[in-house]
Amino acid sequence: MIPREKQNKIFERFYKLDPKSKGFGIGLPMAKVIMEEHGGKIFVESDEDKTTFHLRFYK
């Protein structure tokens, strides 16, 4: 589960939910930039059971 107050932060460069993770915090920000450069959108929905990332492509 990703808390609602942190759902927008995960798309900020170098932000990590778990500071101990091996990642650099650049994957989701890169995905957001790529989606936006192609006229699309990426967003997240999360509850106790699952987290879902949505990619919207527009013509």
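**Notebook: surface, charges and fold of a predicted model**

I started with the surface: the chain exposes about 5,100 Å², and carbon and sulfur atoms supply 54% of that area. A reminder to myself that this is a predicted model.

**Overall layout.** I looked up the secondary structure next and found one helix and two strands. Read from the N terminus, the order is α-β-β. For the extent, I took the C-alpha trace along its principal axes, which spans about 40 × 25 × 15 Å. Burial came after that: the chain has 59 residues, and 22% of them count as buried. I also checked sequence separation in the contacts. Among contacts with a separation of 6 or more, 26% join residues 24 or more positions apart.

**Charges.** How many positive and negative side chains does the chain have? I noted 12 positive and 9 negative ones, with the centres of the two sets 5 Å apart.

**Salt bridges.** My list for the structure has two entries.

- The first one I wrote down pairs K9 with E12, at 3.8 Å from N to O. I then looked at how open the partners are. K9 has 32% relative accessibility and is partly exposed; E12, at 40%, is partly exposed as well.
- The other entry joins K32 and E36, whose closest N and O atoms are 3.9 Å apart. Where do K32 and E36 lie? I found both in helix α1, which covers residues 27–37. They sit four residues apart, or about one turn of the helix. K32 comes out at 30% relative accessibility, so I filed it as partly exposed. E36 reaches 48%, so it also counts as partly exposed; the cut-off for exposed is over 50%.

**Nonpolar patch.** Which residues make the nonpolar surface patch? I have F14, F24, I26, M30 and I34 on the page, together covering about 550 Å². I followed one of them further: I34 is found in helix α1, the helix that also holds K32 and E36. With a relative accessibility of 45%, I34 counts as partly exposed.

**To keep in view.** For a friendly second look at the model, I would open helix α1 and pick out the salt bridge between K32 and E36, then find I34 in that helix and trace the patch from there to F14, F24, I26 and M30. After that I would go to K9 and E12 for the other salt bridge.

Conventions: Residues are numbered from 1 along each chain as its sequence is written. This is a predicted model: local features need pLDDT of at least 70, side-chain atom pairs count only at pLDDT 80 or more; totals for chains, interfaces and linings use all residues. Side-chain values use heavy atoms; hydrogens and water are left out. A salt bridge is a side-chain nitrogen of Lys or Arg within 4 Å of a carboxyl oxygen of Asp or Glu. Buried means under 20% relative accessible area, exposed over 50%, partly exposed in between (1.4 Å probe, protein chains only). Patches are made of residues with over 30% relative accessible area and no salt bridge: like charges are joined within 9 Å, nonpolar side chains (Val, Leu, Ile, Met, Phe, Trp, Tyr) within 5 Å. Accessible areas come from the Shrake-Rupley method with a 1.4 Å probe; for residues, only the protein chains shown count as cover. Contact means heavy atoms within 4.5 Å. Lys and Arg count as positive and Asp and Glu as negative; His and the chain ends are not counted. The place of a charge is taken as NZ of Lys, CZ of Arg, CG of Asp or CD of Glu.
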